[in-house]
Amino acid sequence: VVALAQRVMEEIQRPFEIDGREVHCGASIGIAVDEARALSAGVLLRNADAAKYLAKERGKARFVVFEESMHAAAYERMELKSDMPGALTSGQFAVHYQPIVDLETGELDGVEALLRWTHPTRGFVGPDVFIPVAEHSGFITTLGAWVLDQACADLRRWRDADPDGRTFHMSVNLSVRQLEQPSLAADVAAALARHGLSAEDLVLEITESVLMTDAAAAHTRLEEIRALGVRTALDDFGTGYSSLRYIDKLPVDVVKIDRSFVARLGEDPTVVQAVVDLAGKLRLTLVAEGIEELEQWDILKGMGCDHGQGYYFARPMPAADLQALAAARRRPAPAA
Ligand code: C2E
Ligand code: CA
Ligand code: CA
């Protein structure tokens, strides 16, 4: 069955042509085997589905054979999936905010909205765990719309509470599933209008891999968003497939360098320097993610990287704390 899966994958991966354009396609395959011939068709299919889920998670275009240990993980995902709608209505989700600073001055330039879930029995569940589940089930569109609304409402509140304060923008993460929705740009415009915000107040972040795998539709949606005047950011840059060559063809205004590059800055600054140079030429705004040390800040500043984000400046925090921070110092305090 593994040999068969391999052959199927090879066939599917063979490029083909549509309207004279070369198209590449991939498949994720989950395999379940019932050697003892004891399982029902339903169980067998569920096992194959759990294996397919892992195949996708491990980076697409691969196959995974089901193992018993995948049961627990699949069961947990199933529970999280069914808990999510109730969790939203009962207030278990909250949006936290992490400062994005101007690396030259250290001043607050924006904040990124990051979703948090406090589950009644599991306690804190990280977005790395539940966001993929919500994407799988489709609930992410409801959740994503809620995050956008909360983020806009909070920004409005902060402005009203400190009308003379420096303005800063709001960054919100978008899932690939939201980009699939034809109404996305209209929904974004409606959220801004609802809270009396303008398009320049908002940046929408999309991970690099989304733009690569689902290119055509995603590009259209992003162009619609940018036509509103809302900026777009390429998140986790360097972890996907896009090359530096390609970056100027993407419909984005901001590039966020993945924190893995910032972590290796001391040993290997060449990639970051190349991205900084290119971003300057293309007039893209650059944000370095995951700055945890003063030294990293110094190196990035020296390279000419304009913005940064990371635990060194501040961790994600509840809306009230962010408001206090913005009002008191108008810039995040460096960690002790
Ligand atoms: P992301 O968009 O890359 O967000 C940045 C993540 O890096 C956050 O993790 C943040 O807490 C963490 N981080 C920030 N500074 C540092 C640092 O100095 N060191 C380290 N080690 N980590 C740092 P978080 O909040 O756990 O979120 C994880 C991912 O979940 C996000 O990655 C994003 O892809 C996704 N996510 C979170 N909220 C949402 C949401 O509302 N919608 C969607 N679609 N995805 C979301
Ligand atoms: Ca992000
Ligand atoms: Ca990121």
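The following exercises, each with a worked solution, concern a predicted model of a protein with its ligands.

**Exercise 1. The site of the calcium ion (ligand 2)**

Task: Determine which residues coordinate the calcium ion (ligand 2), and how the donor residues are spaced in sequence.

Solution:
- Step 1. The coordinating atoms belong to Glu112 (OE), Asn173 (OD1), Glu205 (OE) and Asp235 (OD), at 2.1 to 2.3 Å.
- Step 2. Along the sequence, these donor residues follow the pattern E-x60-N-x31-E-x29-D.
- Step 3. Distant parts of the chain are thereby linked: asparagine 173 belongs to strand β8 (residues 169-173) and aspartate 235 to strand β10, and the pair is 62 residues apart.

**Exercise 2. The site of the calcium ion (ligand 3)**

Task: Identify the protein donors of the calcium ion (ligand 3), and state which residue it has in common with the calcium ion (ligand 2).

Solution:
- Step 1. The protein donors are Asp235 (OD), Asp236 (OD) and two OE entries of Glu289, lying 2.2 to 2.5 Å from the ion.
- Step 2. The spacing of these donors along the chain is D-D-x52-E.
- Step 3. Aspartate 235 coordinates both calcium ions, ligand 3 and ligand 2, which are 4.1 Å apart.

**Exercise 3. Accessibility of the calcium donors**

Task: Classify aspartate 235, aspartate 236, asparagine 173 and glutamate 205 as buried, partly exposed or exposed.

Solution:
- Step 1. The cut-offs are needed first: a residue is buried under 20% relative accessible area, exposed over 50%, and partly exposed in between.
- Step 2. Aspartate 235 has a relative accessible area of 6%, and is therefore buried.
- Step 3. Its sequence neighbour, aspartate 236, has 25% relative accessibility, so this residue counts as partly exposed.
- Step 4. Asparagine 173 reaches 28% relative accessibility and is therefore also partly exposed.
- Step 5. Glutamate 205 has 2% relative accessibility, so it counts as buried. This residue lies in strand β9 (residues 202-207), and its side chain makes a polar contact of 2.7 Å with the side chain of lysine 256.

**Exercise 4. The surroundings of ligand 1**

Task: Describe the residues around ligand 1 by nearness, by class and by the elements that supply them.

Solution:
- Step 1. There are 22 residues around ligand 1, of which Gln98, Arg116, Asp235, Glu292 and Tyr311 come nearest.
- Step 2. Sorted by class, the shell contains nine nonpolar, five polar and eight charged residues.
- Step 3. At least two shell residues each come from β6 (108-119), α4 (127-137) and β10 (231-237). Strand β6 gives the largest share, four residues.
- Step 4. Individual atom pairs can now be examined. A nitrogen atom of ligand 1 is 2.5 Å from a side-chain N or O atom of glutamate 292. A backbone N or O atom of leucine 115 lies 3.1 Å from a nitrogen atom of the ligand, and a polar side-chain atom of arginine 259 lies 3.1 Å from an oxygen atom of the ligand.
- Step 5. On its own, ligand 1 has 810 Å² of accessible area, and the protein covers 85% of this.

**Exercise 5. The nonpolar cores**

Task: State how many residues the largest nonpolar core has, and which of its residues have the most contacts inside it.

Solution:
- Step 1. In soluble globular proteins, nonpolar side chains tend to be buried together.
- Step 2. The largest nonpolar core here has 78 residues, and Tyr97 and Met170 have the most contacts inside it.
- Step 3. Helix α5 (residues 140-161) provides the largest share of this core, eight residues.
- Step 4. Another core, of 10 residues, lies apart from it and includes Ala32, Val64, Phe66 and Met70.

**Exercise 6. Residues in loops**

Task: Locate aspartate 19 and arginine 37, and give the phi value of each.

Solution:
- Step 1. Aspartate 19 is in the loop between β1 (16-18) and β2 (21-23). Its phi is near 50°, a positive value in a residue other than glycine.
- Step 2. Arginine 37 is in the loop between β3 and α2, and its phi is also positive, about 50°, although it is not a glycine.
- Step 3. Aspartate 19 has a relative accessible area of 77% and is therefore exposed. Arginine 37, with a relative accessible area of 77%, is likewise exposed.
- Step 4. Serine 40 is also found in the loop between β3 (29-31) and α2 (41-57); at 40% relative accessibility it counts as partly exposed.

Terms used:
Residues numbered from 1 in each chain as written. Chains lettered and ligands numbered in written order. Predicted model: local features only at pLDDT ≥ 70, side-chain atom pairs only at ≥ 80, totals over all residues. Heavy atoms only, no water. Near = heavy atom within 4 Å. Polar contact = N/O pair within 3.5 Å; in protein donor to acceptor, adjacent residues only side chain to side chain. Areas by Shrake-Rupley, 256 points an atom, 1.4 Å probe, with all protein chains shown as cover. Nonpolar A, V, L, I, M, F, W, Y, C, P; charged D, E, K, R; others polar. Donors = N, O, S within 2.8 Å, 3.2 Å for Na, K, Ca; no water. Buried < 20%, exposed > 50% of the residue type's maximum accessible area, 1.4 Å probe, protein only. Core = buried A, V, L, I, M, F, W, Y, C linked by side-chain atoms within 4.5 Å.
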